[in-house]
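Okay, thanks for having me. Let me put the chain up on the screen, and then we'll walk through it together.

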Amino acid sequence: MDTRRLRLLSANIQAGSSTRGYHDYVARSWSHVLPAGKRNSLDAIAQLAGEHDIVGLNESDPGSLRSGFTNQTHYLAQRAGFDYWSHQPNRRVGGVASSANGLLSRLEPKEVIDHALPGRIAGRGVLLARYGEGDKGLLVAVAHLSLGANSRAAQLGFIAELLHDHPNAVLMGDFNCSIDRPEMRALFRNTRLQLPEGEVFTFPSWRPQRAIDHILVGDGLKTSNARARPAAASDHLALSIDLHVPDAALR
């Protein structure tokens with residue numbers, strides 16, 4: 001079977017904020033509501049994103065005070081040379097801060113669909129991009145899941161229905177949990193997504209001890225070269241993989 005290699009990146013960019021230790025959540029709390037210093041971080045993230053073909057973003061500000069009213073997904077698409085981009089604003093705190101899932105792509109999606117995710121507190125979503133035709137086309141989902149296990153279980157149940165019988169599905173993002181959680185086991189039971197070959201620690205970025213950012217793929221796809229990459233000074237490292245896709249899934 002002929003395949004094509006695509007490089008994928010999943011990055012929680014923390015809206016371009018800088019966090020180099022737990023103390024920074026308090027000491028640099030101003031950086032979460034003011035735009036100072038974020039442009040340099042975004043430029044570093046754009047350089048990393050530019051090495052990839054499809055990028056899923058979490059905590060990308062769609063335009064509020066803390067980003068200088070810049071749509072960060074659009075900015076990264078322009079700086080990194082992506083022709084196609086989309087974003088899904090999820091949560092807004094007045095006009096001070098806002099958060100979105102984002103997609104950067106060198107391939108043109110057939111369609112991109114926003115879905116709101118269930119949860120105790122509203123404001124989570126999954127961004128779904130379709131490439132190729134039919135049930136065996138490439139399907140890429142970008143999600144940022146809740147901290148609470150019950151909400152995560154409901155969200156993963158919803159996502160499982162979207163991806164249920166797709167062999168060429170990809171689910172990427174900040175899951176806020178490790179792969180061995182009960183809600184994750186249910187996801188694997190109810191979809192064709194496969195357990196990754198190994199864990200890549202991505203959090204916290206200054207001393208990675210937890211694998212909570214994932215790129216999961218269906219049984220029609222193969223991956224290699226999974227590795228963590230700095231996403232400027234975000235509190236998460238980005239996760240990069242090589243994805244081997246059947247040519248038929250992209251037609």
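So, what percentage of the 251 residues in the protein chain is buried? It comes out at 55%. Keep in mind that this is a predicted model.

Overall, the chain has 5 helices and 11 strands. Look at contacts between residues at least 6 apart in sequence: 68% of those join residues at least 24 apart. As for the outside, about 11,000 Å² is exposed, and carbon and sulfur atoms supply 49% of that.

Now the inside. The largest nonpolar core has 23 residues, and the ones touching the most other members are L8, I54, Y131, L138, V170 and L243. Strands β1, β6, β7, β8, β9 and β11 each put in at least two residues, with β11 giving the largest share, 4 residues.

Take L8 from that list. Leaving out residues up to four places away in sequence, L8 touches, among others, H52, I54, V170, I215 and L243. Apart from this core there's another one, of 21 residues, including L139, L156, L171 and F175.

L156 takes us to helix α4, residues 149-163. Those 15 residues reach 20 Å from first C-alpha to last, close to the 21 Å expected. Which residues of α4 are buried? They're S151, R152, Q155, L156, I159, A160 and L163. If that spacing looks familiar: an α-helix has 3.6 residues a turn, so residues three or four places apart point the same way.

And what covers the buried residues of α4? The cover includes strands β6, β7 and β8, plus helix α5, residues 182-190.

Terms used: Residues numbered from 1 in each chain as written. Predicted model: local features only at pLDDT ≥ 70, side-chain atom pairs only at ≥ 80, totals over all residues. Heavy atoms only, no water. Expected span 1.5 Å × (residues − 1). Buried < 20%, exposed > 50% of the residue type's maximum accessible area, 1.4 Å probe, protein only. Contact = heavy atoms within 4.5 Å. Areas by Shrake-Rupley, 256 points an atom, 1.4 Å probe, with all protein chains shown as cover. Core = buried A, V, L, I, M, F, W, Y, C linked by side-chain atoms within 4.5 Å.
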